[in-house]
2 protein chains.
Amino acid sequence: MVDTLEAYIRARISHNDTQLTDVLSAFVTRKVRRGEMLLQAGEVCQHCYFVAKGCIQVFVSTDGGTETSRDFVFENNWLTDIYGFANQQPSQEFFRAVEPSVVMAIHRDQFGRMQQQVPQFEQIYRQILEQSYATTVYRVNTFIALDALDRVRWLMQHQPRILSRLSNKLVASYLGISPETLSRIKARL
Amino acid sequence: MVDTLEAYIRARISHNDTQLTDVLSAFVTRKVRRGEMLLQAGEVCQHCYFVAKGCIQVFVSTDGGTETSRDFVFENNWLTDIYGFANQQPSQEFFRAVEPSVVMAIHRDQFGRMQQQVPQFEQIYRQILEQSYATTVYRVNTFIALDALDRVRWLMQHQPRILSRLSNKLVASYLGISPETLSRIKARL
DNA sequence: CTGAAACGTTGACAAAAGTCAAGAGTGGGG
DNA sequence: CCCCACTCTTGACTTTTGTCAACGTTTCAG
């Protein structure tokens with residue numbers, strides 16, 4: 001699975017092979033079973049993950065037990081509680097594999113070391129940060145304004161993968177609507 | 001107004017006075033009238049602003065003309081379309097002064113120069129990025145799950161300034177509810 | 001100061017979405 | 001490969017929120 005990560009990095013930064021090997025060896029491969037948690041709310045996130053296979057749900061849980069998904073991270077994407085990871089603050093979110101998954105994990109300490117040793121690593125971090133931020137801003141702008149129907153339409157246009165690959169229950173938790181409403185909306189499209 | 005920015009920077013980075021002067025001189029002071037736009041959707045954001053006084057509304061506009069506010073940036077905070085600013089992409093958002101305001105503007109070219117010349121500048125940028133990201137994540141997690149009443153309660157707890165300082169219409173556009181609903185909710189609290 | 005334009009409040013009604021329940025369908029762990 | 005737990009769908013009903021309208025209040029630009 002390290003090849004997925006290697007390809008990702010090769011495509012993005014200039015490098016020499018020694019450095020690339022160094023970077024790759026800082027990552028640990030980890031299999032995650034369906035339903036298994038990678039991070040619990042309240043925990044301080046110590047790892048940055050590259051999802052090599054599968055899908056990780058990022059969600060919050062209310063007192064009533066309702067779960068709301070902020071994001072689904074598929075293969076070839078990064079996953080971490082960025083703010084908590086950088087500032088050693090407890091996470092408010094949970095990470096859970098919703099498919100059998102494989103992640104490449106780098107510990108915070110190694111991550112810091114890499115940032116100092118490999119300048120391009122810093123660049124990648126900033127790219128991830130900027131990209132994640134842009135995605136989240138987009139999500140706020142879209143969803144505060146739209147009703148249930150338009151949210152589904154938006155998802156069909158911008159994230160069809162979420163609709164086709166995940167259960168209605170999960171999709172509904174991403175859209176902030178009930179599964180029943182989602183079911184009815186899909187029926188009349 | 002440059003003193004506001006100077007205090008902000010002094011409080012955050014180690015420096016020598018020559019560097020600080022260099023940094024400050026890269027900024028241009030600009031008065032913004034109430035209602036005046038600092039950025040139009042579709043435009044590429046060329047500046048990073050430090051709001052020294054007043055309040056800038058960050059919002060999107062739907063085809064129907066409905067405006068939804070993603071953020072209100074008060075004095076002592078940074079304002080830019082981060083993704084578009086960094087990647088020279090058109091903005092989807094508008095920036096508008098909702099109070100008579102004063103901003104300190106730094107052009108993208110100067111910004112890049114400062115990042116190279118003053119290492120701490122890079123740190124500040126990353127801080128802003130991480131902070132903005134965290135805020136936006138918080139907003140998504142909160143609002144997708146909550147109904148109108150709980151959104152208002154959340155705002156009272158976390159952003160009372162928005163409630164007390166801005167008009168009901170603006171607050172409603174931030175909460176994603178109608179002004180009438182907000183008015184009714186406030187009446188029975 | 002002042003008046004026009006925007007804003008806030010309230011009521012009546014309509015539309016959207018949630019809740020609860022029950023039965024059919026499905027998928028993945030053993 | 002099969003069965004059980006979970007999910008999906010549909011219906012009936014309730015609750016929440018939006019919309020439209022009317023009118024009083026505020027605000028700020030000239």
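Here are some short exercises, each with a worked solution, on a predicted model of protein chains and DNA strands.

**Exercise 1. Find which residues of the protein come closest to DNA strand C, and what part of the strand they meet.**

Solution.
- Step 1: Look around the strand. DNA strand C is surrounded by 16 residues, and the closest are Asp147(A), Ala148(A), Thr181(A), Arg184(A) and Asn168(B).
- Step 2: Turn to the strand itself. Of its atoms that come within 4 Å of the protein, 65% belong to sugar and phosphate.
- Step 3: Sort the surrounding residues by class. The surface near DNA strand C has seven charged, six polar and three nonpolar residues.

**Exercise 2. Work out which atoms of DNA strand C lie by the side chains of Ser178(A), Glu180(A) and Thr181(A).**

Solution.
- Step 1: Start with Thr181(A). An N or O atom in its side chain is 2.6 Å from a phosphate oxygen of DNA strand C.
- Step 2: Go on to Ser178(A), where a polar side-chain atom lies 3.1 Å from a phosphate oxygen of the strand.
- Step 3: Now check Glu180(A). Here the partner is a base nitrogen of DNA strand C, 3.4 Å from a polar side-chain atom.
- Step 4: Place the contacts in the fold. Two or more residues of the surface near DNA strand C come from each of these elements: helix 9 (179–187) of chain A, helix 8 (168–175) of chain B and helix 9 (179–187) of chain B. Helix 9 of chain B gives the largest share, four residues.

**Exercise 3. Describe the surroundings of DNA strand D: which residues come nearest, and which elements supply the surface?**

Solution.
- Step 1: Count and name. There are 15 residues around DNA strand D, and Asn168(A), Ser183(A), Ala148(B), Thr181(B) and Arg184(B) come nearest.
- Step 2: See what they meet. Sugar or phosphate makes up 62% of the atoms of DNA strand D within 4 Å of the protein, and bases make up the rest.
- Step 3: Look at single contacts. A polar backbone atom of Lys169(A) is 3.1 Å from a phosphate oxygen of DNA strand D. For Ser178(B), a backbone N or O atom lies 3.1 Å from a phosphate oxygen of this strand. Glu180(B) places a polar side-chain atom 3.3 Å from a base nitrogen.
- Step 4: Name the elements. Helix 8 and helix 9 of chain A and helix 9 of chain B each supply at least two residues of this surface.
- Step 5: Sort by class. The surface near DNA strand D has seven charged, six polar and two nonpolar residues.

**Exercise 4. Decide whether Glu93(A) and Arg70(A) are buried or exposed, and find how they are linked.**

Solution.
- Step 1: Find the link. The two side chains meet in a salt bridge, with N and O 2.6 Å apart.
- Step 2: Place the partners. Glu93(A) sits in the loop between helix 3 (82–87) and strand 7 (94–97) of chain A, while Arg70(A) is in strand 5 (residues 67–74) of chain A; they are 23 residues apart and link distant parts of the chain.
- Step 3: Apply the cut-off, under 20% relative accessible area for buried. Glu93(A) has 3%, so this residue is buried. Arg70(A) has 7%, so this one is buried too.

**Exercise 5. Compare with a pair inside one helix: where do Arg153(B) and Asp150(B) lie?**

Solution.
- Step 1: Both lie in helix 6 (residues 148–158) of chain B, three residues apart, or about one turn of the helix.
- Step 2: Their salt bridge brings N and O atoms to 2.9 Å.
- Step 3: Arg153(B), at 42% relative accessible area, is partly exposed, and Asp150(B), at 28%, is also partly exposed.

**Exercise 6. Describe how chain A and chain B meet.**

Solution.
- Step 1: Count the residues. Each side gives 32, from chain A and from chain B.
- Step 2: Take the area. The chains bury about 2,900 Å² between them, 65% of it on carbon and sulfur atoms. Glu130(A), Tyr133(A) and Ile144(A) supply 24% of the area that chain A buries against chain B, more than any other three residues.
- Step 3: Look for links. Two salt bridges cross the interface, including one between Glu122(B) and Arg126(A) at 3.1 Å, N to O.
- Step 4: Find the main element. On the side of chain A that touches chain B, helix 5 of chain A gives the largest share, 18 residues.
- Step 5: Sort that side by class: 16 nonpolar, ten polar and six charged residues.

Conventions
Residues numbered from 1 in each chain as written. Chains lettered and ligands numbered in written order. Predicted model: local features only at pLDDT ≥ 70, side-chain atom pairs only at ≥ 80, totals over all residues. Heavy atoms only, no water. Near = heavy atom within 4 Å. Polar contact = N/O pair within 3.5 Å; in protein donor to acceptor, adjacent residues only side chain to side chain. Nonpolar A, V, L, I, M, F, W, Y, C, P; charged D, E, K, R; others polar. Salt bridge = Lys/Arg side-chain N within 4 Å of Asp/Glu carboxyl O. Buried < 20%, exposed > 50% of the residue type's maximum accessible area, 1.4 Å probe, protein only. Contact = heavy atoms within 4.5 Å. Buried area = accessible area lost by both parts, 1.4 Å probe.
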